[in-house]
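Please find below some notes on the model that you asked me to look over. They are set out as numbered points, to be read beside the sequence and the structure.

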Amino acid sequence: QVQLVESGGGSVQAGGSLNLSCVASGFTYGRRHMGWFRQTPGKGREGIANLNAASGISYYADSVKGRFTLSQDIATSTLYLQMNNLKPEDTARYYCATDCVSWSGLRQPSDCRDWGHGTQVTVSS
């Protein structure tokens with residue numbers, strides 16, 4: 001049974017930071033391609049960052065490059081998203097996903113097979 005549990009969201013002021021966590025279970029983390037996505041009523045769901053767990057090769061959306069950083073702890077099957085210099089437009093519900101299969105590059109939501117329930121991030125101006 002695949003399970004992805006996100007945590008670390010909250011409400012911060014613009015310029016602040018948050019570190020999101022995704023704890024995975026029910027599969028071998030090191031054999032999967034993991035991703036973070038976010039969803040708003042205006043933009044829908046979009047890919048923001050993803051990595052190949054085995055290689056550590058990461059991809060980022062242009063909107064978050066230089067501000068967000070992926071990391072992982074394979075031993076605990078945990079994927080992290082460090083978010084710095086947050087902006088009001090980063091306000092969204094953030095989702096973790098696995099089995100994001102594509103040839104290469106930034107993943108689309110349709111590339112991923114299993115999803116967590118999300119964690120809310122709200123950035124005040």
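1. D62 is a good place to begin: this residue is exposed, with a relative accessible area of 65%, where exposed means over 50%, buried means under 20% and partly exposed lies in between, computed with a 1.4 Å probe on protein chains only. D62 forms a salt bridge with K65, and the closest N and O atoms of the two residues are 3.1 Å apart; the term stands for a side-chain nitrogen of Lys or Arg within 4 Å of a carboxyl oxygen of Asp or Glu.

2. A word on the basis of these remarks. This is a predicted model, in which local features need pLDDT of at least 70 and side-chain atom pairs count only at pLDDT 80 or more, while totals for chains, interfaces and linings use all residues. Residues are numbered from 1 along each chain as its sequence is written, and side-chain values use heavy atoms, with hydrogens and water left out.

3. How many salt bridges does a search of the whole structure find? The search finds five, and, as a general matter, side chains of opposite charge can pair when their charged atoms come close. One of these bridges joins D90 to R67, with 2.7 Å between the closest N and O atoms. This pair links distant parts of the chain, since D90 lies in the loop between strand 8 and strand 9 whereas R67 lies in the loop between strand 6 (58-60) and strand 7, 23 residues apart; strands here are DSSP runs of E, at least two residues long, numbered from the N terminus.

4. Are the partners of that bridge buried or exposed? D90 counts as buried because its relative accessible area is 0%, and R67 is likewise buried, at 9%. Salt bridges that share partners join R67 and D90 with R38 and E46 into one network.

5. Within that network, the side chains of R38 and E46 meet in a salt bridge at 3.0 Å, N to O. R38 is buried, because its relative accessibility is 3%, whereas E46, at 23%, counts as partly exposed.

6. K87 also belongs to the loop between strand 8 (78-83) and strand 9 (92-98), and a relative accessibility of 33% is why K87 counts as partly exposed. Leaving aside neighbours within four places in sequence, K87 is in contact (heavy atoms within 4.5 Å) with R67 and V123. The C-alpha atoms of K87 and Q13 are separated by 8.1 Å, although these residues lie 74 residues apart along the chain.

7. Turning to the strands, four of them make an open sheet in the order 1-3-8-7, with antiparallel pairing, where two strands pair if DSSP finds at least two bridges between them. Strand 1 (3-7) and strand 7 (68-73) are the edge strands, each pairing on one side only. From one strand to the next the twist averages 15 degrees, with axes taken as lines fitted to C-alpha atoms and angles running from 0 to 180 degrees between N-to-C directions.

8. Strand 1 pairs with strand 3 (residues 18-25) in the antiparallel sense over five bridges, and S7 stands opposite S21 of strand 3. Strand 3 also holds N19, which is partly exposed because its relative accessible area is 36%. Not counting residues up to four places away in sequence, N19 touches S7, G8, Y80, L81 and Q82. N19 and L70 are 51 residues apart in sequence, and their C-alpha atoms are 9.7 Å apart in space.

Notes. Helix = DSSP H or I, 4+ residues; strand = E, 2+ residues; numbered from the N terminus.
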